[in-house]
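Morning, everyone. One structure today, and I'll keep it quick. Have a look at the screen.

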Amino acid sequence: MGRGKIEIKRIENATNRQVTYSKRRNGIFKKAQELTVLCDAKVSLIMFSSTGKFHEFISPNISTKAFFDLYQKTTGTDLWISHYEKMQENYRRLKEINKKLRREIRQRMGGDLDDLNIKELQALEAKMDSSLVAIRDRKYHVIKTQTDTHKKKVRNLEERHANLVFDLETKLDQQNGIVESEGYYNEAANGASNLHALRLYQIHHPNLVLQHGGRFGSNDLRLA
């Protein structure tokens, strides 16, 4: 059985429409490639999907630029004339703006004033006054910003210095405490050693007695 005739109309379902576009696009590109190989033809296809995706096929034996040049030569049309005219118009407009700006700069520097009447001179003076005010405001803003930044840096440096001094004093206090503790323990150890020596001496010399409440010194021993 042959396939039924398909009515050519817009596919309403977006998914089906995209699937059909993809399949038929590949089919057209395949046919274009076959024409290029079988007939040595120059083929160019440009396609945009409903979602804006761009697809292109160009025969390997010609570039896109050469293809459009050949099209213009064959048909006698210029594809770029309208674009070129717009570019020329835009160029003339920018050139005129540049000319006016240069003239205004010269006038603000005191030149090219001979052709100005009194009203134009007054308008130029007002523009320069407003420009001067804007420049001064900007200058004061920059100075204030730089001053605030430097003040902030100074405060940060002062805080760092204070923290370093505090850390140094803390370390020095800890070291002094360790030294004092070591002195105390050394003194206690020496006293205990002297007392032990005295007791050994008394064991070997029972005729000697201890004076001054048990303290051991140079005059602490006498004969019993």
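Which residue takes a positive phi in the hairpin of E1 and E2? Glycine 52, with phi near 95°. Keep in mind that this is a predicted model.

Let's stay with the hairpin. Five residues sit between its two strands. E1 covers residues 44–48, and E2 covers residues 54–58. The two pair in the antiparallel sense, over five bridges. One pairing to pick out on screen: phenylalanine 48 has phenylalanine 54 of E2 as its bridge partner. As a general reminder, side chains in a regular strand alternate between the two faces of the sheet.

Next, helix H1. It runs over residues 14–39. Does its length hold up, or what should we expect? Take 1.5 Å a residue: the 26 residues should span 38 Å. The end C-alpha atoms are 37 Å apart, so the model agrees with the expectation.

Now the ends of H1. At the start, a side-chain oxygen of asparagine 13 comes to within 3.0 Å of the backbone nitrogen of threonine 15. After the helix comes aspartate 40, and its phi is positive, near 55°.

Which residues of H1 are buried? Tyr21, Arg25, Phe29, Ala32 and Thr36. What covers them? The cover includes E1 and E2. That brings the helix and the hairpin together.

Let's look at that meeting point through single residues. Start with histidine 55, which is in strand E2. Its side chain makes a polar contact of 3.0 Å with the side chain of arginine 25. Arginine 25 is one of the buried residues of H1. Leaving out residues up to four places away in sequence, histidine 55 touches Tyr21, Arg25 and Phe29, along with Leu45, Ile46 and Met47.

Now the view from phenylalanine 29. With the same sequence neighbours left out, phenylalanine 29 touches Leu45, Met47, His55, Glu56 and Phe57. Phenylalanine 29 is itself buried.

Which residues make up the largest nonpolar core? There are six: Tyr21, Phe29, Ala32, Val43, Met47 and Phe57. H1 gives the most to this core, with three residues.

On to charges. Side chains of opposite charge can pair when their charged atoms come close. How many salt bridges does a search of the whole structure find? Three. I'll take them in turn.

Glutamate 12 and arginine 10 meet through their side chains, at 3.2 Å from N to O. Both of these residues are exposed.

Then aspartate 69 and lysine 65, at 2.9 Å from N to O. Why about one helical turn between them? Because they are four residues apart in helix H2, residues 64–75. Lysine 65 counts as exposed, because its relative accessibility is 61%. Aspartate 69 has a relative accessible area of 33%, so this residue is partly exposed.

Last pair: lysine 144 and aspartate 148, with the closest N and O atoms 3.0 Å apart. These two are four residues apart in helix H4, residues 118–204, so about one helical turn separates them. Lysine 144 is at 53% relative accessibility, so it counts as exposed. The cut-off there is over 50%. Aspartate 148 is partly exposed, with a relative accessible area of 37%.

To wrap up, two places to revisit on screen. One is the contact of histidine 55 with arginine 25. The other is the six-residue core, with Phe29 among its members. Thanks, over to you.

Methods: Residues numbered from 1 in each chain as written. Predicted model: local features only at pLDDT ≥ 70, side-chain atom pairs only at ≥ 80, totals over all residues. Heavy atoms only, no water. Pairing = 2+ DSSP bridges. Expected span 1.5 Å × (residues − 1). Buried < 20%, exposed > 50% of the residue type's maximum accessible area, 1.4 Å probe, protein only. Contact = heavy atoms within 4.5 Å. Polar contact = N/O pair within 3.5 Å; in protein donor to acceptor, adjacent residues only side chain to side chain. Core = buried A, V, L, I, M, F, W, Y, C linked by side-chain atoms within 4.5 Å. Salt bridge = Lys/Arg side-chain N within 4 Å of Asp/Glu carboxyl O.
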